[in-house]
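Let's take a walk through this structure together, starting with the whole chain and then moving to a few particular spots. Keep the 3D view open as you read.

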Amino acid sequence: MAMLRALGHIRRMRGGAQSHLMRCSDGHYYVVKFQNNPQHPRILVNELLGTFLAKHLGLPVTPVAVIEVSPELIRLTPELCVELPRARVPCSPGLQFGSRYPGDPHRVTMLDFLPDELLMQVSNLHEFAGMLVFDKWTCNTNGRQTLFFPRELGDREQAERVYETVMIDQGFCFNAGEWTFPDAPLRGLYARNKVYSGIIGRESFDPWLERLEKNVSERLLHKLIGEIPPAWYADDLDSVNRLGEQLLRRRGRVPELILSARNTTRRPFPNWV
Ligand SMILES: Nc1ncnc2c1ncn2[C@@H]1O[C@H](COP(=O)(O)OP(=O)(O)OP(=O)(O)O)[C@@H](O)[C@H]1O
Ligand SMILES: [Mg+2]
């Protein structure tokens with residue numbers, strides 16, 4: 001994984017973690033979450049580990065990186081601060097989490113939502129089924145969040161599939177700072193049922209369930225945990241390892257967790273009859 005330096009501040013992003021868009025040493029832009037964000041230092045662990053794991057399930061994610069922010073840059077940039085109810089404190093220097101902005105933020109606008117009518121124009125809409133496998137497995141206690149952006153269309157592609165979606169915000173996987181798994185039927189679902197219209201039965205989740213069994217091993221978790229800066233988990237390696245063990249053990253529960261979502265009165269999968 002790349003280890004990068006932040007070179008400049010662009011703007012503050014909205015949201016509970018108070019992230020900042022920054023230009024980094026690889027020439028790309030990253031949305032950076034700081035160790036002293038108002039949610040929990042562990043959400044940086046969740047973002048990095050969660051995104052790696054989603055990638056190993058074959059899901060669409062943005063590249064992520066550990067980003068070093070120097071004390072000088074923070075000192076010279078008054079906007080780099082955390083707003084607390086009664087105080088403003090500077091963002092912490094050192095190693096932070098970054099999620100790459102797909103493209104140049106001055107030119108490409110990212111959308112947090114698409115209206116239902118436009119969701120049908122998302123080329124990889126079927127991957128929301130795989131995201132649910134991931135979110136049930138990791139017990140994401142926030143709804144699933146993605147970004148939508150216009151695709152660069154090749155000549156022979158259908159012009160009606162004009163958007164693409166990527167997963168962002170794995171911060172509340174493993175129940176945020178708790179690292180527990182309070183499973184509940186509606187947890188982890190995306191806000192719009194429309195994204196699940198391609199689901200026609202259990203088999204619709206199979207590609208990701210298979211990768212969960214095949215690709216995720218004790219060795220992989222050990223390797224991924226090794227990439228996390230220890231400061232993000234307060235040097236408490238026991239707790240991270242326990243998290244990894246629980247993740248391994250939980251893999252087999254995902255089908256029943258999906259079934260219990262299906263059986264709610266929300267009926268999230270309209271075409272699974
Ligand atoms: N890789 C990225 N590229 C572009 N925009 C991003 C990226 N990651 C996050 N954002 C944007 O930054 C904002 C905050 O991101 P995110 O949801 O991860 O943080 P958050 O503080 O948990 O937000 P919230 O509390 O609203 O869920 C969102 O508007 C999101 O669209
Ligand atoms: Mg969010």
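Two residues are in contact if their C-beta atoms, placed from the backbone, lie within 7 Å. With that in hand, look at the chain as a whole, bearing in mind that this is a predicted model. Take the contacts between residues at least 6 apart in sequence: 72% of them join residues at least 24 apart.

What is the chain built from? Its secondary structure comes to 8 helices and 9 strands. The radius of gyration is 19 Å, close to the 19 Å that the globule rule gives for 273 residues, so the chain is as compact as a globular protein of that length. If you follow the C-alpha trace along its principal axes, it spans about 60 × 50 × 35 Å. Of the 273 residues, 37% are buried.

Now turn to the strands. Which of them close into a barrel, and in what order? There are 5, and the order is β1-β2-β3-β7-β4, with mixed pairing. From one strand to the next, the twist averages 55°. As background, strands of a sheet pair through backbone hydrogen bonds, and they can do so either parallel or antiparallel.

Both kinds turn up as you go round. Strand β1, residues 3-12, runs parallel to β4, and 3 bridges join the two. To find a spot on this pairing, look for M3, which stands opposite V66 in β4. On to the next pair: β4 and β7 run antiparallel and are joined by 6 bridges. Here I67 has Q96 in β7 as its bridge partner. Strand β7 covers residues 94-100, and it also pairs with β3, residues 29-33, in the antiparallel sense over 4 bridges. On that side, V32 stands opposite G98 in β7.

A helix joins the picture at this point. Helix α1, residues 42-56, packs on the sheet, where it touches β3, β4 (64-69) and β7. The direction of α1 makes about 45° with that of β7.

Just ahead of that helix sits P41, in the loop between β3 and α1. Is P41 buried or exposed? Neither quite fits: P41 has 17 other C-beta atoms within 10 Å, so it counts as partly exposed. Leaving aside neighbours within four places in sequence, P41 is in contact with Q35, W232 and A234. Y233 is also worth finding: P41 and Y233 are 192 residues apart in sequence, yet their C-alpha atoms are 7.1 Å apart in space.

Next comes the ligand. Which residues are closest to ligand 1? They are G15, G16, A17, S99 and D169, out of 18 residues that surround it. The elements giving two or more residues to this shell are β7 and β8 (145-150). By type, the shell around ligand 1 divides into 7 nonpolar, 7 polar and 4 charged residues.

Let's move to another proline. P182 lies in the loop between β9 (163-168) and α5 (206-215). It has 9 C-beta neighbours inside 10 Å and therefore counts as exposed. Not counting residues up to four places away in sequence, P182 touches C139, T141 and N175. Take T141 as an example: P182 and T141 are 41 residues apart in sequence, while their C-alpha atoms are 8.2 Å apart.

The last stop is about backbone angles. Most residues other than glycine have a negative phi. Two residues here have a positive value instead. One is D235, with phi near 60°. You'll find D235 in the loop between α6 (218-225) and α7 (237-250). Why does D235 count as exposed? Because it has 10 C-beta neighbours inside 10 Å, and a residue is exposed if that count is 12 or fewer.

The other is R267, which has a positive phi of about 45° although it is not a glycine. R267 sits in the segment after α8 (254-262). With 12 other C-beta atoms within 10 Å, R267 is exposed. To finish, look from R267 across to V108: they are 159 residues apart along the chain, and 35 Å separates their C-alpha atoms.

Notes
Residues are numbered from 1 along each chain as its sequence is written. Chains are lettered from A and ligands numbered from 1 in the order in which they are written. This is a predicted model: local features need pLDDT of at least 70, side-chain atom pairs count only at pLDDT 80 or more; totals for chains, interfaces and linings use all residues. The radius of gyration is taken over C-alpha atoms; the globule rule is 2.2 Å times the number of residues to the power 0.38. A residue is buried if 20 or more other C-beta atoms lie within 10 Å of its own, exposed if 12 or fewer, and partly exposed in between; C-beta atoms are placed from the backbone. Two strands pair if DSSP finds at least two bridges between them. Axes are lines fitted to C-alpha atoms, for helices over the stretch in contact, and angles run from 0 to 180 degrees between N-to-C directions. A residue is near a molecule or strand if its C-beta atom, placed from the backbone, lies within 6 Å of it. Ala, Val, Leu, Ile, Met, Phe, Trp, Tyr, Cys and Pro count as nonpolar, Asp, Glu, Lys and Arg as charged, and the others, Gly among them, as polar.
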